[in-house]
Amino acid sequence: MAHHLGPMQTLPSPMRRFSENEAVDYCIVGVGSAGGILVQRLARAGFRVVALEAGPFWDTEKDWVSDEKGSHELYWNDLRITGGTHPLALGANNSGKGVGGGSVHWAAFAPRFHPSDFRVHSEDGVGVDWPMSYWDLKPYYELLEREIPVAGPAWFPWGDPHGHPYGPHPLGGVGAVLVRGCTKLGIRSVAGGPVAILSASHGDRPHCIYRGFCLQGCKVGAKASTLITHVPDAIARGGEIRAHSMASRISLREDGRVNGVVYIDREGKEHFQKARAVIVAGYAIESPRLLLNSACPGHRRGLANSSGTVGKYLMAQAGNVVAGRFEELIRLYKAPPAHALSEEFYETDSRRGFARGFAVQTVGPLPVAFAKQMVAAMGAWGWGMRRVMMDYNHWATIGVLGEILPWEDNRVELAEEKDQHGLQVAKVTFNLHDNDKKLIEFGKNRAMEIMWAAGAKQVVQESRFAHLVGGVRMGSDPSLSVVDKFGRTYDVPNLFVCDGSILPTQGSANPGLTIQALAARTADYLIKQGDAIFHSNRRDLTEPGIRYDLSPPYTRFKGNPRIA
Ligand SMILES: Cc1cc2nc3c(=O)[nH]c(=O)nc-3n(C[C@H](O)[C@H](O)[C@H](O)COP(=O)(O)OP(=O)(O)OC[C@H]3O[C@@H](n4cnc5c(N)ncnc54)[C@H](O)[C@@H]3O)c2cc1C
Ligand code: SF4
């Protein structure tokens, strides 16, 4: 029976199967935003690749529903412990579980990081510089914007100004509020993207029909996820994705090189997949957890952890939501949540009294999420909650997306508690520091001013966080970081980490596009290095050169693109 990926696309079958006893070239752990790109690129280049995914291989027609309550299985809901002065909400607020990972439930906002994000320490004296520049990543941003593809304004004025391959979406009710409020206050804003949602048909994917279920996976197939953008090509090119396979430990040979991954299937049976190299792509919490759980002789503090930084410098973005009630109908569900923003406050402004900045973006909670926000924002409960929900269609919500700096005490460690597989779970500690608190206060007040300026009759706000990254940071100093600029661990030459966990800082742009661009670049590096990855310890840090020929089909446009 066909395996559906949206109403028009089916998975090429049958999928190639590798034997566990055959040492494949690459074993990838996690098929999310980064893992989906890696398996596609490496399979296309002719490598033998097995990707282990803890969750299911979604059939979008059978498994997904356009309903908030019925979509909770998209998230990583396994036990995790949270703590610190500002404990992070986990579960639905962070990673996905299943092929596509977090790209299945992301809102698909797809802005680039700014050039300054790569030089935070040099420019502002805080955080740390990346071991690479924006200009190294720029060609990959441009390529990924075409591959997934991104719709947005013809001119995006912030950071490195650029256009987008697909035209902008029409303005929804919340976008109109954001643009109106910003315009009244003289703040520049853009509408219609940048968002990885189709504004015109693209290959075998239809355009958006504006029904607002983006965070529930998008059964329509208009919103990009690696499940529908890259995984089909990975399978067609001979890659294997093994679903319901939870990696429990990376195995090390006596010569200090990895030789495979131990994993547990859905029946609880343990397996071992032999591999000549391993790439961990399990997300900001699960990647450090797997390295820590892989401690072994010679790596007592965790695999690849001679620096002691595995798990440290975890970051979340400030994600305060400001809600405004209007007399007129807004209907915040009737558009993709992600469709208008301002990055006017992105860069450091010394007059504000803190370093770095924030973005202001539309958000579009469906009723259950909105009700939860109203509990937090105004203590709505009982009859009060019913009264608020009767006005659901009159509320608009905009979010602050603020840069929280990398701090050593914000970290992932192993807890005593164990999960259903008997593996120690992650304990996440999160504390706000002085700069973070000042930034959040300023950003929250600006977003409230925008809401009032747009004509709201009532304005409330909820403090929350979004988008976890860091924990396995990349850097040029092996004593302060875990991986180099291509994701290669400093301690184990054939072990790589490539996902959001390697980000040294996070800017105030949503991280998904950057994570995917980094994955495409790491894949190009691995392909260029060829067999040397499997036997040589030499660290070649020259840029690989971009491989345009490895893009999935339809990258060169079909449908209704704007820029040729
Ligand atoms: C509600 C919501 C909305 C968001 N909206 C946006 C947005 O608009 N724009 C944006 O840029 N970002 C957004 N994000 C963030 C974005 O989804 C993540 O930053 C991104 O998906 C992280 O990519 P990743 O590759 O690091 O991890 P993931 O995409 O989470 O992939 C990790 C994968 O690894 C698997 N895995 C983990 N551990 C193991 C193991 N031990 N064995 C086997 N498999 C394993 C997981 O099941 C998962 O599939 C949003 C996030 C949330 C929660
Ligand atoms: S609004 Fe568009 S992208 Fe979002 S779920 Fe609906 S069709 Fe998909």
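**A three-stranded sheet, a buried serine and the ligand site**

In this predicted model, three strands form an open sheet in the order S3-S15-S14, with mixed pairing; strands here are DSSP runs (E, at least two residues), as helices are (H or I, at least four), numbered from the N terminus, and two strands pair if DSSP finds at least two bridges between them. Strands S3 (81-83) and S14 (411-418) stand at the edges with a single partner strand each, so one side of each has no neighbour in the sheet. On average, neighbouring strands of the sheet are turned by 30° against each other, direction ignored; axes are lines fitted to C-alpha atoms, for helices over the stretch in contact, and angles run from 0 to 180 degrees between N-to-C directions. S14 and S15 (residues 424-429) run antiparallel and are joined by five bridges, and Leu414 has Ala426 of S15 as its bridge partner.

Helix H9 lies across S14 and S15, at about 65° to S14, where contact means heavy atoms within 4.5 Å. Ser287 belongs to this helix, which spans residues 286-293. Ser287 counts as buried because its relative accessibility is 0% (buried is under 20% relative accessible area, exposed over 50%, partly exposed in between; 1.4 Å probe, protein chains only). Not counting residues up to four places away in sequence, Ser287 touches Val280, Ala281, Gly282, Val472, Val497, Asp499 and Ser501. With Asp499, the side chain of Ser287 makes a polar contact of 2.6 Å (a pair of N or O atoms within 3.5 Å; within protein, one must be able to donate a hydrogen and the other to accept it, and residues adjacent in sequence count only if both atoms are side-chain atoms).

The largest nonpolar core has 108 residues, of which Tyr26, Ile241 and Leu495 touch the most other members; such a core is a set of buried Ala, Val, Leu, Ile, Met, Phe, Trp, Tyr and Cys residues joined through side-chain atoms within 4.5 Å. Helix H13 (residues 512-529) gives the most to this core, 10 residues.

Turning to ligand 1, 39 residues lie around it, and Ser33, Glu53, Gly102, Ala247 and Gly512 come nearest (near means a heavy atom within 4 Å). An oxygen atom of ligand 1 is 2.8 Å from an N or O atom in the Ser33 side chain.

Residues are numbered from 1 along each chain as its sequence is written, while chains are lettered from A and ligands numbered from 1 in the order written. Local features need pLDDT of at least 70 and side-chain atom pairs count only at pLDDT 80 or more, whereas totals for chains, interfaces and linings use all residues, and side-chain values use heavy atoms, with hydrogens and water left out.
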